[in-house]
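This report describes selected side-chain interactions and surface features of one protein chain. The sequence and structure are shown first.

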Amino acid sequence: MSSEVRYCERISYLFLKFTLIVYSTVFWLIGGFILAIGIYAEVERQRYKTLEGVFLAPAIILIVLGVVMFIVSFIGVLSSLRDNLCLLKVFLYTLTLCLILELLGGILALVFRHQTVDLLNKNIRKGMVNYYDDLDFKNIMDFVQRKFKCCGGLEYKDWEVNMYHNCSAPGPLACGVPYTCCVSKPSEVANTLCGYQVLKKERLDLQHDIHVRGCTDAVFIWFMDNYKIMAGLLLGILLPQFFGVIISWLYITRVEDAISEFGHYQDGLLTDGPQKKQQTKLGACCRCLPEID
């Protein structure tokens with residue numbers, strides 16, 4: 001029998017167990033929903049024989065994200081129901097690893113901003129090559145060009161990589177850009193040939209015809225102008241994971257302490273133990289944190 005335990009008496013076993021079960025179940029259902037959407041989108045993408053690149057296939061990204069969330073959350077549900085210390089630690093370490101990788105990826109993207117932008121532009125140009133063949137990429141690109149009033153990746157002349165918009169191509173689309181690049185008013189009917197022959201002109205001659213600014217710069221500028229929204233989005237992604245790490249850590253130490261205190265922990269957890277539990281100075285200040293070995 002242990003004379004010292006690491007858990008806080010104010011946080012009960014049942015409270016931690018119920019919280020972890022609900023937390024894992026919610027993200028398990030979300031992961032399953034994302035996975036279902038990704039599979040449906042991939043089936044539709046294959047029907048139209050669109051691109052194979054992972055970056056250019058949002059359906060693949062949704063499937064990968066859904067699979068990871070589904071598996072990790074299922075481990076959390078199973079381990080919290082069975083009080084399996086091995087699975088609980090796998091769940092804790094996996095959540096911690098995902099959180100660290102996300103933070104590290106964000107920091108590296110900021111530190112190597114120019115390389116990140118170059119990589120993004122390179123992948124955008126790959127998508128523009130098959131713009132009319134990949135419905136997923138076409139819909140995303142059209143939305144971005146309308147929303148952010150931009151054209152192409154780095155600049156509007158990126159559209160030369162497309163076989164239909166290249167100046168050597170036959171037809172009315174040659175040397176032009178998609179109509180979503182055009183400067184238009186909400187009340188006007190869209191002119192699908194408004195970008196006719198614009199690739200032969202200079203930027204200053206196109207200010208009133210198309211948006212000459214590249215979409216990469218436009219999106220980054222929007223992020224900087226709406227930093228509060230981005231901060232809220234980042235917190236919305238990171239805080240639930242951090243909460244999961246903390247609650248898993250508390251629950252693991254609660255179960256470990258109960259095993260060392262009562263032997264068969266469930267008998268003692270569901271009844272009031274006769275011994276008075278001791279805490280460190282840190283535990284006395286922060287009653288909801290376990291003592292660290």
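## Basis of the description

A residue counts as buried under 20% relative accessible area, as exposed over 50%, and as partly exposed in between. The model discussed here is predicted.

By these limits, E155 is partly exposed because its relative accessibility is 27%. R203, at 37%, likewise counts as partly exposed.

## Salt bridges

The structure holds four salt bridges, and three of them are described here. The side chains of E155 and R203 meet in one such bridge, with an N to O distance of 3.6 Å. Both residues belong to the loop between α5 and α6, yet they are 48 residues apart.

A second pair consists of D83 and K17, whose closest N and O atoms are 3.1 Å apart. D83 is placed in the loop between α2 (58-82) and α3, whereas K17 belongs to helix α1 (residues 13-47); the two are 66 residues apart, and the pair links distant parts of the chain. D83 is buried, with a relative accessibility of 6%, and K17 is also buried, at 14%.

In the third pair, K89 forms a salt bridge with E256, and their closest N and O atoms are separated by 3.3 Å. K89 lies in helix α3 and E256 in helix α7 (residues 227-262), so the bridge ties together parts that are 167 residues apart in sequence. K89 is partly exposed at 30% relative accessible area, and E256 is partly exposed at 22%.

## Surroundings of Q197

Where does Q197 lie? Q197 is found in the loop between α5 (135-147) and α6 (215-225). Its relative accessible area is 17%, and Q197 is therefore classed as buried.

Which residues is Q197 in contact with, leaving aside its neighbours within four places in sequence? They are A174, C175 and G176. For A174, the backbone oxygen lies 3.0 Å from a polar atom of the Q197 side chain.

## Nonpolar surface patch

A nonpolar patch of about 750 Å² is present on the surface. Its members are L97, L101, L103, L104, I107, L108, V111 and F112.

One of these residues, L103, is located in helix α3 (residues 85-111). L103 has a relative accessibility of 42% and therefore counts as partly exposed. Helix α3 also contains K89, the partner of E256 in helix α7.

Definitions and conventions. Residues are numbered from 1 along each chain as its sequence is written. This is a predicted model: local features need pLDDT of at least 70, side-chain atom pairs count only at pLDDT 80 or more; totals for chains, interfaces and linings use all residues. Side-chain values use heavy atoms; hydrogens and water are left out. Patches are made of residues with over 30% relative accessible area and no salt bridge: like charges are joined within 9 Å, nonpolar side chains (Val, Leu, Ile, Met, Phe, Trp, Tyr) within 5 Å. Accessible areas come from the Shrake-Rupley method with a 1.4 Å probe; for residues, only the protein chains shown count as cover. Helices (H or I, at least four residues) and strands (E, at least two) are DSSP runs, numbered from the N terminus. Buried means under 20% relative accessible area, exposed over 50%, partly exposed in between (1.4 Å probe, protein chains only). A polar contact is a pair of N or O atoms within 3.5 Å; within protein, one must be able to donate a hydrogen and the other to accept it, and residues adjacent in sequence count only if both atoms are side-chain atoms. Contact means heavy atoms within 4.5 Å.
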